[in-house]
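Some labels for a structure only make sense once a value is set beside its cut-off. The questions below ask for that reasoning.

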Amino acid sequence: MTPAEAAAALFQMMPQPLSAPQLEEYGIEATEDHARHIAREILSLNLYWILAAIDAHIPQKYRAAIRDALFQRIRTEWWEQQRLGPGTWEEYRKELDERRAGYARLVDQEGMSHMAVSAEAASLIEDQGLVTPEDRQKLLVLLIDYAPAAEYGQLLDSVG
């Protein structure tokens, strides 16, 4: 598989950005604006796991090409379609770097599990006022479904 094909496979595996009706399926009431913000946080969580999987499973010389192709696809198909909240792509990339650093600290320094990282993402979403504290458990279920961390590693393991 070429780096472009690997990026395309990862993109296809990623859940599409959520809408308010999809959140309602989990019992979470949200406006479309809130749904886009939640989708953005879920994207950041997914990208944390994907980029970690790329680093773990792909030879160094191909990593940047896969990341760049994946980011380009996200930007053109989701970001520019305004499916992930307000702001510029460059602003989002800075935000993503902050999220990744926070999640990496939890995993690498504190030894936290996939579930603990999902709980941290849920806290970020709750802290922004995007869901009520009562919806936290529903949000955790949603994050399990929408951030399939192990599947990214399995896909890249077959590539690397």
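Q: Why is serine 118 called buried or exposed in this predicted model?
A: In this predicted model, serine 118 has a relative accessible area of 0%, and because buried means under 20%, serine 118 is called buried. The residue is placed in helix H6, and, residues up to four places away in sequence not being counted, serine 118 touches Leu45, Leu140 and Leu143.

Q: What makes H5 and H6 parallel, perpendicular or oblique to each other?
A: The axes of helix H5 (residues 89-109) and helix H6 (residues 114-127) come within 10 Å and cross at roughly 140°. Angles over 145 degrees count as roughly antiparallel and those from 65 to 115 as roughly perpendicular, so an angle of roughly 140° falls in neither class and H5 is oblique to H6. The crossing of these two helices, H5 and H6, is right-handed. On the H5 side the contact is made by Arg99, Tyr103, Leu106 and Val107, and on the H6 side by Val117, Glu120, Ala121 and Leu124; by class, these comprise six nonpolar, no polar and two charged residues.

Q: What makes the pair of tyrosine 48 and tryptophan 49 stacked, tilted or edge-to-face?
A: The search of the whole structure finds eight aromatic pairs. The ring centres of tyrosine 48 and tryptophan 49 are 4.9 Å apart, with planes at 65°; since rings pair if their centres lie within 6.5 Å and planes over 60 degrees apart count as edge-to-face, the pair is edge-to-face. Both relative accessibilities can be set against the 20% limit for buried residues: tyrosine 48, at 7%, counts as buried, and tryptophan 49, at 14%, counts as buried as well.

Q: Why is the pair of tryptophan 79 and tyrosine 92 classed as stacked, tilted or edge-to-face, and which parts does the pair tie together?
A: The ring centres of tryptophan 79 and tyrosine 92 are 5.2 Å apart and the planes lie at 35°; because planes under 30 degrees apart count as stacked and those over 60 as edge-to-face, the pair is tilted. Tryptophan 79 lies in helix H4 (residues 60-79) and tyrosine 92 in helix H5, so the pair ties together parts that are 13 residues apart in sequence. Tryptophan 79 counts as buried at 7% relative accessibility, and tyrosine 92 counts as buried at 0%. Ring pairs link Trp79 and Tyr92 with Phe71 and Trp89 into a cluster.

Q: How do you know whether H4 and H5 are perpendicular or oblique to each other?
A: H4 and H5 pack at about 125°, with their axes 12 Å apart. Roughly perpendicular covers 65 to 115 degrees and roughly antiparallel begins over 145, so the two helices H4 and H5 are oblique to each other. H4 passes H5 in a right-handed crossing, in which Phe71, Ile74, Arg75 and Trp79 of H4 meet Trp89, Glu90, Tyr92, Arg93 and Leu96 of H5. The residues of this contact divide into six nonpolar, no polar and three charged.

Q: What makes H3 parallel, perpendicular or oblique to H7?
A: Helix H3 (residues 32-57) and helix H7 (residues 136-146) pack at an angle of about 50°, with axes 10 Å apart. Roughly parallel needs an angle under 35 degrees and roughly perpendicular one of 65 to 115, so H3 is oblique to H7. The crossing of H3 and H7 is right-handed. Ile42, Leu45 and Asn46 in H3 meet Leu142, Leu143 and Tyr146 in H7, a contact with five nonpolar, one polar and no charged residues.

Conventions:
Residues are numbered from 1 along each chain as its sequence is written. This is a predicted model: local features need pLDDT of at least 70, side-chain atom pairs count only at pLDDT 80 or more; totals for chains, interfaces and linings use all residues. Side-chain values use heavy atoms; hydrogens and water are left out. Axes are lines fitted to C-alpha atoms, for helices over the stretch in contact, and angles run from 0 to 180 degrees between N-to-C directions. Helices (H or I, at least four residues) and strands (E, at least two) are DSSP runs, numbered from the N terminus. A crossing is left-handed if the near helix is turned anticlockwise from the far one by less than a right angle, and right-handed if clockwise. Contact means heavy atoms within 4.5 Å. Ala, Val, Leu, Ile, Met, Phe, Trp, Tyr, Cys and Pro count as nonpolar, Asp, Glu, Lys and Arg as charged, and the others, Gly among them, as polar. Buried means under 20% relative accessible area, exposed over 50%, partly exposed in between (1.4 Å probe, protein chains only). Rings of Phe, Tyr and Trp (its six-membered ring) pair if their centres lie within 6.5 Å; planes under 30 degrees apart count as stacked, over 60 as edge-to-face and the rest as tilted.
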